[in-house]
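Here's a quick briefing to read with the model open beside you. Grab the viewer, find your way around, and follow the bullets below.

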Amino acid sequence: MHIIRKTVQRIRQHHSTQTLTTVKSAAEDLKDSVEELGKSSLYKTTGVDKDGNYTYDRDAITKAVKKYVTDYNSYMESAGDAESLGVLSKTLNIQKATATN
């Protein structure tokens, strides 16, 4: 029984380490996405249409928003698998901040 208990402990520890590594990677991706959305260059005008309205690079904006949504969802999913109260607490704060916006 002792060997089985130790083996189970090692498996849990390995899983926990893998989960935290995944959460860290997802958090870094999310941070990059937020930074991209915050760049003023993303929202520079590209010209003026026939009605006199400013035009923007909608494809670049759409791509940045889609990446943010994908990265946000990946982070939430990976953080939900974590068994760390610190990670879960930070995730809840991110979720609340996002819901507010």
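Let's start with T91, which sits in helix 3 (residues 85-100). T91 counts as buried because its relative accessibility is 9%, and the cut-off for buried is under 20%. Keep in mind that you're looking at a predicted model.

**T91 and its surroundings**

- Leaving out residues up to four places away in sequence, T91 touches Y75, M76 and A79.
- T91 and M76 are 15 residues apart in sequence, yet their C-alpha atoms are 6.9 Å apart in space.
- T91 also has a polar partner: a polar atom of its side chain lies 2.7 Å from the backbone oxygen of V87.
- V87 turns up again in the largest nonpolar core, and so do Y75, M76 and A79.

**The overall layout**

- You can count 3 helices and 2 strands in the chain.
- Reading from the N terminus, the order of elements is α-β-β-α-α.
- Of the 101 residues in the chain, 17% are buried.
- The accessible surface of the chain adds up to about 8100 Å², and carbon and sulfur atoms account for 54% of it.
- Take the contacts between residues at least 6 apart in sequence: 48% of them join residues at least 24 apart.

**How confident is the prediction?**

- The average pLDDT over the chain is 84, and 83% of the residues score at least 70.
- Where is confidence lowest and where is it highest? Helix 1 has the lowest mean, at 75, while strand 2 (residues 54-56) has the highest, at 96.

**The nonpolar core**

- The largest nonpolar core has 10 residues, among them V23, A26, L30, Y68, Y72 and A82.
- Helix 1 (2-38) and helix 2 (58-80) each put at least two residues into this core.
- Which helix gives the most to the core? That's helix 2, with 5 residues.

**Y68, a core residue with several partners**

- Y68 belongs to helix 2 and is one of the residues of the largest nonpolar core.
- Skipping its neighbours within four places in sequence, Y68 is in contact with L30, S33, V34, L37 and T98.
- Y68 and L37 are 31 residues apart in sequence, with 8.0 Å between their C-alpha atoms.

**S33 and D71, two buried residues that touch**

- S33 lies in helix 1, and D71 is found in helix 2.
- Is S33 buried or exposed? S33 counts as buried, because its relative accessibility is 2%.
- D71 has a relative accessible area of 9%, so D71 is buried as well.
- Apart from neighbours within four places in sequence, S33 is in contact with K67, Y68 and D71.
- With that same kind of neighbour left out, D71 touches D29, L30 and S33.
- The side chains of D71 and K67 are joined by a polar contact of 2.7 Å.

**A64 and V65, next to each other in helix 2**

- A64 is found in helix 2, and so is V65.
- What does the relative accessible area say about A64? The value is 8%, so A64 is buried.
- V65, on the other hand, counts as partly exposed because its relative accessibility is 37%.
- Not counting its neighbours within four places in sequence, A64 is in contact with E36, L37 and L42.
- The C-alpha atoms of A64 and L37 are separated by 6.2 Å, although the two residues are 27 residues apart along the chain.
- V65 and V34 are 31 residues apart along the chain, and 9.1 Å separates their C-alpha atoms.

**The strand pair**

- Strand 1 (residues 45-48) and strand 2 run antiparallel and are joined by 3 bridges.
- If you want a pair to click on, try T45, whose bridge partner in strand 2 is Y56.
- The two strands form a hairpin with 5 residues between them, and there G52 takes a positive phi near 90°.

Key: Residues are numbered from 1 along each chain as its sequence is written. This is a predicted model: local features need pLDDT of at least 70, side-chain atom pairs count only at pLDDT 80 or more; totals for chains, interfaces and linings use all residues. Side-chain values use heavy atoms; hydrogens and water are left out. A nonpolar core is a set of buried Ala, Val, Leu, Ile, Met, Phe, Trp, Tyr and Cys residues joined through side-chain atoms within 4.5 Å. Buried means under 20% relative accessible area, exposed over 50%, partly exposed in between (1.4 Å probe, protein chains only). Helices (H or I, at least four residues) and strands (E, at least two) are DSSP runs, numbered from the N terminus. Contact means heavy atoms within 4.5 Å. pLDDT is the predictor's confidence in each residue, from 0 to 100. Accessible areas come from the Shrake-Rupley method with a 1.4 Å probe; for residues, only the protein chains shown count as cover. A polar contact is a pair of N or O atoms within 3.5 Å; within protein, one must be able to donate a hydrogen and the other to accept it, and residues adjacent in sequence count only if both atoms are side-chain atoms. Two strands pair if DSSP finds at least two bridges between them.
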